[in-house]
Amino acid sequence: MMNCKDIENSLPLYLDNLLSDKDKRAIDEHLKSCPKCAKALANLKRTDAITRGLSEVEPPSWFKQKIMARVREETDKKSFAQKWFYPLRIKIPIQVFATIFIVMLAVYIYRAGNEQFTEVLPPQAPTQVLETGKDKLSEQTIKLPEADKIVVKKKVSAKDTRDEKVFMYDVSPGSGAPKTQERRKTSSQEDITAAAGNIAPPVQRERAADRKDASYSALMAKQAEPAKAMPPPGVELERKKEGYVLGASMKQSRAPEAQSVMPKTTISVRVGDLNIAVGEIEKLLNKYEAKKIVKQMLEGKAILSAELKVKNIKDFIVQLKTIGRVEEKGMPADSAEGDIPVVIEIIGR
Amino acid sequence: MLGMSNIIDNKKLTTKDEDLKYVVLCQKGDTEAFDVLVERHQKKMLNIAYRMMGDYDEACDVTQEAFLSAYKSIKKFKSEAIFSTWLYRIVVNYSKNRLKQLRNKAQREGVSIDDVGEIKIEGALCQSSANETNPGAQMEQREREAQVQKCITSLDEEYREVLVLRDIQGLSYEEIKDILKIPDGTVKSRLSRARNALKDCLVKVIGDL
């Protein structure tokens, strides 16, 4: 037997005909005798009518357009993302290959860097160079195709006499020596630049200006001036070439390029009368077909630079010995051919 | 009776097939096919959201979000299901989530959510019954509907959703079971309690019905 509470709970289902026949009959019986439950049923029917009769709200006029605008926006965003990040079956292999390529490139660059590093290392100590510096100069070929672009091609024996000259300048130019020695620490190319500085490449000329040794700096200036007036070969050519080597060495160029520096002979002559001796030596130079004679008169001494044929140089020195006491440094090998730059330092008493 | 039932079933089947046709087009990337689906379901979606929320503007926002979400996940829709059921589930869930957010916000700000809802209900009802000719009857109808909506909004969400889907939107028990993913018996018991609760609320608010 159901009470009013049970009946009231079952009334909504009773309205929808969802109760079993037995329950439905029991409720029908109860409703006849219970005005409270009958009223509840009436209210329930009314509530149902009210809810079903609720008016529907209309969507705003812009509603669909706004939804579709957002949908299209979403499609564009999605297609952009798909373009760049999907499908993964394409994206992942590309990433893998890119990574492998970058790693290989890094390894290659690292190894190439190592090779370059070993190339610029100094092949030997300066003292060793002195001992072996007399080795012959095999061949030198210089090409100057354009005024502003200098290409130097040379074959020089590994143990070059230019190192010897560096050593000479380490001693002779006084205060200039420490700078040269500092630079030598880095590589053999630096040795070459010191020697090249003797023939005044631009950088070296600047350095020379600071030096206390007046003769040295004067020589630099003297040799820098005729650059425009003089024809390309000879000392000028040598200067350009060595200037190039200096530049190249400063940019850490390779060792073979640095080895292509011409050897140079320095002769110092101690004489009684400076002026007479200079005149005589100039005559001697002319006699031995010297080219590009440059004279620099200084206080107490004079410096002559010229290019002499190697075959004449021995005779020239013999003649010099008649004028004064001679000291020679950086003598070329006997078998060497061609012209060689010579610097004659005439010191008066 | 039986003939009527067959006609309704056939109509539903046709709608389902037509929905499915456009859903398949959407799944193939045809954005414009979604336009048809929006057109077809927007009113029902909005009314479900509105009766759940009791706020017209919020209902509009929620319905838009629900449509957008449906579009985003349309590829997940399986052809065995009914698109409208799937869509109504989304809007019900979005409405419930939005209500939760609003409740939390109201708690933080110390404002009653019902107070805010009441004003907006009236605004929405103005819009819905604007074509009424008699201003007095219109006013009375508006007031009555506001009271009914207030009672609906006062119901627990689990009762409210069943009542909205069954008594206001007229969906079948089977559809409600699918939308809410609850057993048939639960739908019936919840609906029974929801109706009684609404009746009690209306008696209390309006007086003898």
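A:Glu29 and A:Lys32 lie 3 residues apart in helix H2 of chain A, so about one helical turn separates them. In this predicted model, their side chains form a salt bridge, with an N to O distance of 3.8 Å. Both A:Glu29 and A:Lys32 are exposed. An α-helix has 3.6 residues a turn, so residues three or four places apart point the same way.

A second pair follows a related pattern in chain B. B:Asp184 and B:Lys188 are 4 residues apart in helix H9 (residues 184-206), about one turn of the helix. Their salt bridge brings the closest N and O atoms to 3.3 Å. B:Asp184 has a relative accessible area of 30%, so it is partly exposed. B:Lys188 is also classed as partly exposed, because its relative accessibility is 22%, and the exposed class begins only over 50%.

The whole structure holds 28 salt bridges over all chains. One of them joins the side chains of A:Asp16 and B:Arg166, at 3.7 Å from N to O. This pair crosses between chains. A:Asp16 sits in the loop between H1 and helix H2 (21-33) of chain A, and B:Arg166 sits in helix H7 (residues 157-168) of chain B. B:Arg166 has a relative accessible area of 17%, and it is therefore buried, the limit being under 20%. The two residues also belong to a network of salt bridges. The network links A:Asp16, A:Asp48 and A:Arg52 of chain A with B:Arg166, B:Asp167 and B:Arg195 of chain B.

Two packed helices are described by the angle between their axes and the distance between the axes. In chain A, helix H1 (residues 4-15) packs on helix H3 (residues 35-52) at an angle of about 30°. Their axes are 10 Å apart. The crossing of H1(A) with H3(A) is right-handed. From H1(A), the contact draws on A:Cys4, A:Ile7, A:Glu8, A:Leu11, A:Pro12, A:Tyr14 and A:Leu15. H3(A) contributes A:Cys37, A:Ala40, A:Leu41, A:Leu44 and A:Lys45. Of the residues in this contact, 10 are nonpolar, 2 are charged and none is polar.

Chain B contains 9 helices and 0 strands. Its pattern along the sequence is α-α-α-α-α-α-α-α-α. Of its 209 residues, 46% are buried. Among its contacts between residues at least 6 apart in sequence, 65% join residues at least 24 apart.

Helix H4 (residues 83-109) of chain B has 27 residues. Its first and last C-alpha atoms are 39 Å apart, close to the 39 Å expected at 1.5 Å a residue. B:Gly110, just after H4(B), takes a positive phi of about 70°.

H9(B) likewise agrees with its expected span. Its 23 residues should span 33 Å at 1.5 Å a residue, and its end C-alpha atoms are 32 Å apart. The buried residues of H9(B) include the nonpolar side chains of B:Val187, B:Leu191, B:Ala194, B:Leu198, B:Cys201 and B:Leu202. B:Arg190, B:Ser192, B:Arg195, B:Asn196 and B:Lys199 are buried as well. B:Arg195 is thus both a buried residue of H9(B) and a member of the salt-bridge network. The cover over the buried residues of H9(B) comes from both chains. It includes H1 and H3 of chain A, together with helix H6 (135-154), H7 and helix H8 (173-180) of chain B. Just after H9(B), B:Gly207 adopts a positive phi of about 105°.

Most residues other than glycine have a negative phi, and most peptide bonds are trans. Two residues of chain A depart from the rule on phi. A:Asn17 is not a glycine, yet its phi is positive at about 60°. A:Asn17 is found in the loop between H1 and H2 of chain A. Its relative accessibility is 55%, so A:Asn17 counts as exposed. A:Lys292, also a residue other than glycine, has a positive phi near 50°. A:Lys292 lies in strand E4 (residues 291-298) of chain A. At 17% relative accessibility, A:Lys292 counts as buried.

Conventions. Residues numbered from 1 in each chain as written. Chains lettered and ligands numbered in written order. Predicted model: local features only at pLDDT ≥ 70, side-chain atom pairs only at ≥ 80, totals over all residues. Heavy atoms only, no water. Expected span 1.5 Å × (residues − 1). Axes fitted to C-alpha atoms, helices over the stretch in contact; angles between N-to-C directions. Left-handed = near helix turned anticlockwise from the far one by under 90°. Contact = heavy atoms within 4.5 Å. Salt bridge = Lys/Arg side-chain N within 4 Å of Asp/Glu carboxyl O. Buried < 20%, exposed > 50% of the residue type's maximum accessible area, 1.4 Å probe, protein only.
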